[in-house]
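Open the model in a viewer and keep a selection box at hand. The stops below cover nonpolar packing and then the cysteines.

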Amino acid sequence: MQQTPFYPIGTPGQPWGDAERAAWRARQVRQRSHADDVVTRVDALRDRFDIETYDTLDYSRREGGGRYPLLAIRSRDWNPDLPVGVITGGVHGYETSGIEGALDFVEHAAAGYAGRINLLVVPCVSPWGYEHIQRWNFDAIDPNRSFRAGSPAQESAALVALLAPLRGTVLVHVDLHETTDTDESEFRPALAARDGVPFEPGGIPDGFYLVDDSVRPQPAFQQAVIAAVEQVTHIAPADADGEMIGSPVVAHGVIEYPVEELGLCAGITGAQYVTTTEVYPDSPRTTPVECNAAQVASIVSALDYALAHR
């Protein structure tokens, strides 16, 4: 019987220690620039929005690390009487359309919401992951399972601290993600090796889908977002078992997770309307431009629905 190749770091059945994490980190290569691609675009917005460095990600004292400003974009005329909309991208740094889509939205559409809702946009939560096209952070931790008090991930702890004062005032939170072929070829095998468990092959949905909060679902809200995105790119169908990535499909293009319990970014604001987008950039049926546009459509439709139903 053919065995699934084991990830090239670690011993089957044994979770990683410091040596394995260091070996994994040594394999990571800087492939693009957060300063050039993200910081430059955010700086260009300073004449129209308030820009805040809410923390500094500092891995500089270790080989292969660095220092990165963690940037947030706020509505200039913040009005405490208005609801709040939060957009987060780049929680997984390799998921490019989330970052591009967040910035595209601010550059081209955010001004239309002035006086209606306060906007807080964090376009790139995980700059080291962005530069190294990685799901995990420098310490081989997934930021999107780490949004909780006492988080071991610097990126997650910093965002939790930024958003804590707003909890209870956030009307809508859109967290922008992608599902890629490398989830199956690289990241899930790495996760199994890191945790010392067998790798179980799965599938990748062909198309866009959303993750709702199973504890506080908002099905009509999710379908409004799906309808908007369907004008831009195709929606992923359920597999033969009626699932996507191992979760039941509860409506067209929608699955559910208990987002706060799992430490997901979508769970930290306590928003009434919350969704996690999942674009599929590897599909031959779409393009990078369409993927970015799908993220913008998600944001706009989510804000419009939330404002109409508050």
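Contact here means heavy atoms within 4.5 Å. This is a predicted model, in which local features need pLDDT of at least 70 and side-chain atom pairs count only at pLDDT 80 or more, while totals for chains, interfaces and linings use all residues. Residues are numbered from 1 along each chain as its sequence is written, and side-chain values use heavy atoms, leaving out hydrogens and water.

Select Phe-105 to begin. Leaving aside residues up to four places away in sequence, Phe-105 touches Ile-87, Ala-110, Tyr-113, Leu-119, Val-296, Ile-299, Val-300 and Leu-303.

Next, show the largest nonpolar core, a set of buried Ala, Val, Leu, Ile, Met, Phe, Trp, Tyr and Cys residues joined through side-chain atoms within 4.5 Å. Buried means under 20% relative accessible area, exposed over 50%, and partly exposed in between (1.4 Å probe, protein chains only). This core has 45 residues, and those touching the most other members are Ile-73, Ile-87, Phe-105, Leu-119, Val-172, Phe-208 and Leu-303. Elements that each supply at least two of its residues include strand E2 (67–74), helix H3 (96–108) and helix H8 (288–308). Helices (H or I, at least four residues) and strands (E, at least two) are DSSP runs, numbered from the N terminus. H8 gives the most to this core, ten residues. Apart from this core lies another, of 32 residues, among them Tyr-59, Val-86, Ile-268 and Ala-271.

Last, select Cys-124 and Cys-265. How many disulfides are there? With a disulfide taken as a pair of cysteine sulfur atoms within 2.5 Å, the count is zero. The closest cysteine sulfur to that of Cys-124 is in Cys-265, 12 Å away, which is too far for a bond. Cys-124 is buried at 3% relative accessibility, and Cys-265 is buried at 0% relative accessible area.
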